[in-house]
Amino acid sequence: NLSLAAGSTLELMNITSAATPLLAASNVVVNGSCTVKISLPGGIALGTYPLANYSGSFLGNFANMQLQLPAGVNGALVSNANQIALSITVIPVPSALTALTATPQGTQIELDWNVAGTNYATGYNIWRSPTSGSGYTLVGNTSNTTFIDAGLAANKTYYYVVTATNSFGSSGYSPEASAITQPTMKWTGAASVNWDEATPNWSVNGSPSVYLDGSSIRFDDTALSNVTINVLATVSPSIMVVSNSSKSYSFSGNDISGTGSILKLGNGTVTFNVANTYSGGTTLSNGMIVIGNGDALGTGPITADAGTLKWTYTTGNGALANSIVVNGPVTFDTSAGNWTQTGPITGSGTITRGISGVLSLYLGGDNSGFTGTYQDQNSANSVTRFTANTAGSASAHWIFNQPALGRTSLPTTSGT
């Protein structure tokens, strides 16, 4: 039994669950006026929290249990079926945080703060400014005590404050914290072909450096050597720019990961030979991207403004599931292995079918959103096969000039 004598105090702590009671008893016996004192953790929200379940009877006067809560918290003890519970109806507005730290990680900044146990915050708003002391704008919110602000400019100072919130309001600003993002890291290949976090194959403002995850990185024609690059372990840059004309880059080994993106500039070629998992998307502005694996361009969309996407599949996934947005004149070419495009194609640009190999481009996605032009080149090498009823688009212009048998095929049932 749970027995409460007259003048006694039952103190309960660490009430966090809206489902699991702190106590279980056969019977609850209240013999006179007594106190139920409750300590609440920081982050407690409005709601009903079970305190004690009992399988038998409640004996005594329920009103004799006098509730004592922390200052600023209002609530009441309630009697449910064989249960005593606490209903919290008012909690204080959170107090301001007393400390905030900002740590640069390439072109992203990690913010961390501690919360006092009586803060009553259920969430936090993160505010950023390019200047100290003013001009803050909201950039995110979280219920955690850490936040990553990603996609920032390189080599720039950012200033932050955090406010604590709950359903009754928001605190004032925390103390300000600032950090400087790291400058862009440029590949030199001075030491080896290995892309890792130990070898000084990079340059920052002209000085040799080692790679750091989260950095903004660049591969261009100023590399000293070693443009056939071995990714020694999984890497996660914030953005990877390949701006090349005279040098051709190739990436093999482990995967490029994280939430970053890849941007291809210049009229040179870059080849991705293995499956990658980065999710920020790929933009082809010029030149050629050679795809050696169906997962080579991560999981995000491909934005094709100009240039060539060239399929040279050898091993691994033989289908490309990425969506492709065609905004300008783009060539889809195949030189090794058939290209199966299962992701949707949209946009209003022009796709020209390349003629590098006597191979097929299988269109199997939903391309009904494509409103541009698809043009083969009147060559026996230009093979296009529609494998799904939605692989075409009634809003696009499809030009097939090759009279040879089997150069184009349609699905067996009607579609677009």
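## Salt bridges

D149 counts as buried, because its relative accessibility is 6% and buried means under 20%. This value, like the others in this report, comes from a predicted model. The side chain of D149 meets that of R128 in a salt bridge, with 2.7 Å between N and O. The two residues belong to distant parts of the chain: D149 sits in strand 15 (residues 146-149) and R128 in strand 13 (residues 123-129), 21 residues apart. R128 has 21% relative accessibility and therefore counts as partly exposed.

In total, the structure holds three salt bridges. D220 takes part in a salt bridge with K186, where the closest N and O atoms are 3.7 Å apart. This pair also links distant parts of the chain, since D220 is in strand 23 (residues 216-220) and K186 is in strand 19 (residues 185-187), with their positions 34 residues apart. D220 forms a salt bridge with R218 as well, at 3.1 Å from N to O. Through shared partners, K186, R218 and D220 are joined into one network.

Accessibility within this network can be listed residue by residue. D220 is buried, at 6% relative accessibility. K186 is partly exposed at 30%, and R218 is partly exposed at 28%.

## Nonpolar cores

The largest nonpolar core has 47 residues. The residues with the most contacts inside this core are W195, F219, M240, Y249, F251, F272 and F332. A second core, separate from the largest one, has 25 residues, including I44, Y49, L51 and I91.

## The surroundings of I256

Where does I256 lie? I256 is in the loop between strand 26 (249-253) and strand 27 (261-265). Although I256 is in a loop, the residue is buried, because its relative accessible area is 2%.

Leaving aside residues up to four places away in sequence, I256 touches W195, V235, P237, M240, I262, F272, N276, T277 and Y278. Among these contacts of I256 are W195, M240 and F272, which are also listed among the residues with the most contacts inside the largest nonpolar core. P237 is 19 residues from I256 along the chain, and the C-alpha atoms of the two are separated by 7.8 Å.

## A nonpolar surface patch

L46, V93 and F168 make a nonpolar patch of about 230 Å² on the surface. L46 lies in the loop between strand 5 (34-38) and strand 6 (47-54). With 38% relative accessibility, L46 counts as partly exposed.

## Strand 10 and its neighbours

Strand 10 covers residues 83-90, and six of its eight residues are buried, so the strand is largely enclosed by the rest of the structure. Strand 10 pairs with strand 6 in the antiparallel sense, over six bridges. Within this part of the structure, T48 has S87 in strand 10 as its bridge partner.

Strand 9 (residues 74-80) also runs antiparallel to strand 10, and seven bridges join the two. N80 stands opposite Q83 in strand 10. Strands 9 and 10 form a hairpin with two residues between them. One residue of the turn, N82, has a positive phi of about 55 degrees.

## The parallel sheet

How many strands form the open sheet, and in what order? The sheet has ten strands, in the order 20-24-26-28-30-32-35-38-40-42, and their pairing is parallel. Strand 20 (194-195) and strand 42 (397-399) are the edge strands, each pairing on one side only. In general, strands of a sheet pair through backbone hydrogen bonds, either parallel or antiparallel.

Inside this order, strand 32 is followed by strand 35. Strand 32 (residues 307-312) and strand 35 (residues 329-336) run parallel and are joined by six bridges. G307 has V330 in strand 35 as its bridge partner. Strand 26 is also a member of the sheet, and the loop that holds I256 lies between strand 26 and strand 27.

Key: Residues numbered from 1 in each chain as written. Predicted model: local features only at pLDDT ≥ 70, side-chain atom pairs only at ≥ 80, totals over all residues. Heavy atoms only, no water. Salt bridge = Lys/Arg side-chain N within 4 Å of Asp/Glu carboxyl O. Helix = DSSP H or I, 4+ residues; strand = E, 2+ residues; numbered from the N terminus. Buried < 20%, exposed > 50% of the residue type's maximum accessible area, 1.4 Å probe, protein only. Core = buried A, V, L, I, M, F, W, Y, C linked by side-chain atoms within 4.5 Å. Contact = heavy atoms within 4.5 Å. Patch = residues over 30% accessible without salt bridge, like charges linked within 9 Å, V, L, I, M, F, W, Y side chains within 5 Å. Areas by Shrake-Rupley, 256 points an atom, 1.4 Å probe, with all protein chains shown as cover. Pairing = 2+ DSSP bridges.
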